[in-house]
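Please look through the sequence and the structure shown here, and then follow the explanation below.

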Amino acid sequence: MNRSKTVFSAVLGLGLAATMVAVPATASAASAHHSVVGHHATSYYAGSAAKQAGNKAFFEAVLKSVKAKQAAHPGLLSVTITYDASGAPTYASEIAQSAQIWNSAVTNVQLAPSTGGGADFSYTEGDDPQGSYAQTDGHGKGTIFLDHAQNQEYYSVRVAAHETGHVLGLPDDYSGPCSELMSGGGPGPSCTNTQPDANERAQVDSLWANGLESVTEQAPVLTTVR
């Protein structure tokens, strides 16, 4: 079916219903960048139903706002998701690089820094024994938390790009190879690959294909932790 060639950007608000799955509370942001004694790599990437539920809730929040945008603007063909990195100044460069990585890897959805407020999600930093994660607070806010100790042990750009993958609808797959971005820290700290593989790129482009109309017809691709 032919569609207008006019391309609009959808600024997505992360609205959540009160019945959304509960997720871990955001850890307090910390300005110091330091190691946390006693943390082990396996604790960051063991995976859990709670974390996967948080990733799923995060993505479902995006879908809810997409549906609202589609209803208000039926002609929207492309999606731009905006972010606020001011809460994670230590990782400003890594966040910018992760957005560039995804923008180069996929075409049907793009990431951009918010310039006028009202970002669709934000980044924060601090210390948390569960490491970095994506979450919602149940009140219309989405956050990617970047843990200091984890980012000292693992390559920070990979951590940021991995967590940003959840915004675009990808699940964790810690048992995957280093070439798979969503394997996270599963392959160990020596893995510094920052690029999504062909399958991950295809999943994101398929999910966001044909702008917002396709998204509203699809269920989230997030699956249970292996």
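How are H3 and H5 oriented to each other? The model is a predicted one, in which local features need pLDDT of at least 70 and side-chain atom pairs count only at pLDDT 80 or more, while totals for chains, interfaces and linings use all residues. Residues are numbered from 1 along each chain as its sequence is written, and side-chain values use heavy atoms, with hydrogens and water left out.

Helices (H or I, at least four residues) and strands (E, at least two) are DSSP runs, numbered from the N terminus. H3 and H5 pack at an angle of about 55°, with their axes 8 Å apart, where axes are lines fitted to C-alpha atoms, for helices over the stretch in contact, and angles run from 0 to 180 degrees between N-to-C directions. The two helices H3 and H5 are therefore oblique to each other, since angles under 35 degrees count as roughly parallel, over 145 as roughly antiparallel, 65 to 115 as roughly perpendicular and the rest as oblique. Among the residues in contact (heavy atoms within 4.5 Å) are Ile 101 and Trp 102 of H3 and Ala 160 and Ala 161 of H5.

Trp 102 also belongs to the largest nonpolar core, where, of 29 residues, Ile 81, Trp 102 and Trp 208 touch the most other members; such a core is a set of buried (under 20% relative accessible area, 1.4 Å probe, protein chains only) Ala, Val, Leu, Ile, Met, Phe, Trp, Tyr and Cys residues joined through side-chain atoms within 4.5 Å. H3 gives the largest share of this core, 4 residues.

Strand E5 (residues 133-136) pairs with strand E6 (residues 142-147) in the antiparallel sense over 4 bridges, pairing being counted if DSSP finds at least two bridges.

How values were computed: Buried < 20%, exposed > 50% of the residue type's maximum accessible area, 1.4 Å probe, protein only.
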